[in-house]
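Please consider the structure below with attention to its helices, its cysteines and its aromatic rings. The account proceeds from a single residue to its wider surroundings.

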Amino acid sequence: VWLGYGLASKVLMAAVIIFFPITVSLLEGFRSCDGSYRVLFRLMGASFWQTLRRLYWPWSLPYFFAGLRVGVSVATIGAVIGEWVGAQQGLGYLMIQSNARLKTDWVFAAIGWLSTMGLGLWYAVGWLERRCLAWKTLSEKTSQGGTIR
């Protein structure tokens with residue numbers, strides 16, 4: 001109601017839904033940081049911002065991407081809920097209108113498109129994770145006895 005029936009209300013609904021999985025995962029990543037590294041950074045005189053940038057953030061990036069994967073897969077749900085509340089177009093609007101007219105094939109088609117969008121976003125985040133965390137996959141390969149090519 002505050003943002004009207006336009007795109008802003010749908011974006012806000014999706015943002016609210018993805019905020020919590022990402023935040024909780026990122027916080028868990030910060031908490032899981034090895035205590036010996038924290039002590040080392042403190043002994044070397046690193047400031048809070050240096051420790052955050054060079055220790056906590058890289059340490060928690062895998063957790064962040066895990067939360068982002070969950071978030072983007074449910075973001076489509078948030079957008080559809082926003083369209084159910086009030087919209088004049090979109091897949092949520094199509095689902096409501098088709099359901100009222102007993103066009104179940106259109107409802108399932110919209111669900112199929114939403115599932116495809118969710119999977120596409122899931123794989124896009126996976127691709128981005130592999131690009132941003134190339135160091136993680138290399139360290140996993142070498143720790144398992146593999147060689148780097």
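Helix α4 contains Ser 98. In this predicted model, Ser 98 has a relative accessibility of 2% and therefore counts as buried, the limit being under 20%. Its side chain is directed to the backbone: it reaches the backbone oxygen of Leu 94 at 2.7 Å. When residues up to four places away in sequence are set aside, Ser 98 touches Lys 103, Trp 106 and Val 107.

Two of these neighbours also interact with each other. Lys 103 lies over the face of Trp 106, at 4.7 Å from the ring centre. A second arrangement of this kind involves an arginine: Arg 69 lies over the face of Trp 122, and the distance to the ring centre is 4.9 Å.

Val 107, another contact of Ser 98, leads to helix α5, where Val 107 is one of the buried residues. This helix comprises residues 104-132, 29 residues in total. Does its length conform to or depart from what is expected of a helix at 1.5 Å a residue? The expected span is 1.5 Å times one less than the number of residues, so α5 should span 42 Å; its end C-alpha atoms are 42 Å apart, which agrees.

Which residues of α5 are buried? They are Val 107, Ala 110, Leu 114, Gly 118, Val 125, Gly 126 and Glu 129. An α-helix has 3.6 residues a turn, so residues three or four places apart point the same way. The cover over the buried residues of α5 includes α3 (48-85) and α4 (91-100), the latter being the helix in which Ser 98 is found.

The cysteines may be taken next. A disulfide is a covalent bond between the sulfur atoms of two cysteines. The count of disulfides in this model comes to 0. Cys 33 counts as buried because its relative accessibility is 3%, whereas Cys 132, at 40%, counts as partly exposed.

The aromatic rings remain. A pair of aromatic rings is described by the distance of the centres and the angle of the planes. How many aromatic pairs does a search of the whole structure find? The search finds 6. Among them, Phe 19 and Phe 20 form an edge-to-face pair, with 5.1 Å from centre to centre and 80° between the planes. Phe 19 has a relative accessibility of 46% and so counts as partly exposed. Elsewhere, ring pairs link Trp 57, Phe 64 and Phe 65 into a cluster.

Definitions and conventions: Residues are numbered from 1 along each chain as its sequence is written. This is a predicted model: local features need pLDDT of at least 70, side-chain atom pairs count only at pLDDT 80 or more; totals for chains, interfaces and linings use all residues. Side-chain values use heavy atoms; hydrogens and water are left out. Helices (H or I, at least four residues) and strands (E, at least two) are DSSP runs, numbered from the N terminus. Buried means under 20% relative accessible area, exposed over 50%, partly exposed in between (1.4 Å probe, protein chains only). Contact means heavy atoms within 4.5 Å. A polar contact is a pair of N or O atoms within 3.5 Å; within protein, one must be able to donate a hydrogen and the other to accept it, and residues adjacent in sequence count only if both atoms are side-chain atoms. A disulfide is a pair of cysteine sulfur atoms within 2.5 Å. Rings of Phe, Tyr and Trp (its six-membered ring) pair if their centres lie within 6.5 Å; planes under 30 degrees apart count as stacked, over 60 as edge-to-face and the rest as tilted. A charge sits over a ring if NZ of Lys or CZ of Arg is within 6 Å of the ring centre and within 35 degrees of the ring normal.
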